[in-house]
Amino acid sequence: MSNAASAGGTPVPWFKIFKYCVYAFLIVNLFFFFMEDWAASAHLFSNGISFSQLIEAYAATIDTAAWVVLLLIFELETSVISDTRLKGNLKWLLNGLKGICYLVIVYACYGYLSKYIIVHAFEPSALTDLCAQAAHNLSFMTDLDEYESIAAANCADLSAASAFYQLPGTGIVTDTEALQSAQWLSLIDVVNSANWLLIVVILTMDVWLQLTGKLTGNIIKVTTAFKVVLYFILLLCAVFWGIDGDFLDFWDAFLWILAFALIELNLFEWHAESEGKHTVLGDSDKIAH
């Protein structure tokens, strides 16, 4: 894979630096999602986490890890590895890794769906005074995946409501406002995950068509139109997270949209070169077949 160059053949490294900084931020976010999942699982699965519950407890972490690996594979395919090398054992290796990532991502989507079901399983509780339960080892759900142990020192600050809901079989309670927020956020997680699945299916098809020399301008227009709609929905999800005040989800969503926009640029440039066009995007360019 040759380095991107200006008209005079001089590499333009700032674009690469920007792109890989975006990727690095996404890897850093993986750690933050793990910390969030770990803290939430201590309340949701107080009796321990079985292997079958692992995806429910760490859906965001597992999902993000798979997406990071998948993103890097797309980067290799569309911008780093030359067409002449992207075949044989290497091609099968990358396809195998992508297949594993797809399975994990689908499973993570199931994890988000499970959380959606969980937050819709809360039932009205006889509890009317949160502070009266300070010594009963209960946890208060302040938002999706956010819990606080109820104690005499914080019970008054957690909620002033007189009606509460409890998750059957657990010591988790919440009030109407927090429950509605968690339910909306769980729905956004499911929509976001499903949309990304559709995007990656289309992008995978684009890469396969490009490798086989079947990607035409008309096909690009059609797939791009579909992806624009899907990206717009993802942007709405990010805006919702921003309004809700969940900065990590908003920041992560913004970075992922930006990262895959960079992958799309790789693909456009790769296709342009294969068609004999010479556009300059300041990044690594695929060598035509």
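These exercises concern a predicted model, and each is followed by a worked solution.

**Exercise 1.** Find the cavities of 30 Å³ or more and describe what lines the largest one.

Solution.
Step 1: A search of the whole structure turns up 1 cavity of 30 Å³ or more.
Step 2: The volume of the largest cavity is about 380 Å³.
Step 3: The lining consists of 22 residues, and those closest to the centre are F33, Y112, D189, W241 and D249.
Step 4: Helices α1, α3 (59-80), α6 (176-211) and α8 (247-274) each give two or more residues to this lining.
Step 5: Sorted by class, the lining has 10 nonpolar, 10 charged and 2 polar residues.

**Exercise 2.** Compare the span of α6 with the value expected at 1.5 Å a residue.

Solution.
Step 1: Helix α6 contains 36 residues.
Step 2: The expected span is 1.5 Å times one less than the number of residues, which gives 52 Å for α6.
Step 3: From first C-alpha to last, α6 reaches 53 Å, close to the expected value.
Step 4: After α6 comes G213, with a positive phi near 75°.

**Exercise 3.** Which parts does the salt bridge between K19 and E75 tie together?

Solution.
Step 1: The structure has 5 salt bridges.
Step 2: In the one between K19 and E75, the side chains meet at 2.7 Å, N to O; the cut-off is 4 Å.
Step 3: K19 belongs to helix α1 and E75 to helix α3, so the pair links parts 56 residues apart in sequence.

**Exercise 4.** Describe the nonpolar surface patch that includes F31.

Solution.
Step 1: F31 is part of helix α1, residues 13-44.
Step 2: The patch is formed by V28, F31, F32, F34, M35 and W38.
Step 3: Together these residues have about 600 Å² of accessible area.

Technical notes: Residues are numbered from 1 along each chain as its sequence is written. This is a predicted model: local features need pLDDT of at least 70, side-chain atom pairs count only at pLDDT 80 or more; totals for chains, interfaces and linings use all residues. Side-chain values use heavy atoms; hydrogens and water are left out. Patches are made of residues with over 30% relative accessible area and no salt bridge: like charges are joined within 9 Å, nonpolar side chains (Val, Leu, Ile, Met, Phe, Trp, Tyr) within 5 Å. Accessible areas come from the Shrake-Rupley method with a 1.4 Å probe; for residues, only the protein chains shown count as cover. Helices (H or I, at least four residues) and strands (E, at least two) are DSSP runs, numbered from the N terminus. On a 1 Å grid over the protein atoms alone, a cavity is a set of points where a 1.4 Å probe fits but cannot get out, and a pocket is an open set with protein on both sides within 12 Å along at least five of seven lines; lining residues have an atom within 4 Å of a point. Grid points are joined across faces, edges and corners, and a volume is the space filled by probe spheres set on the points. Ala, Val, Leu, Ile, Met, Phe, Trp, Tyr, Cys and Pro count as nonpolar, Asp, Glu, Lys and Arg as charged, and the others, Gly among them, as polar.
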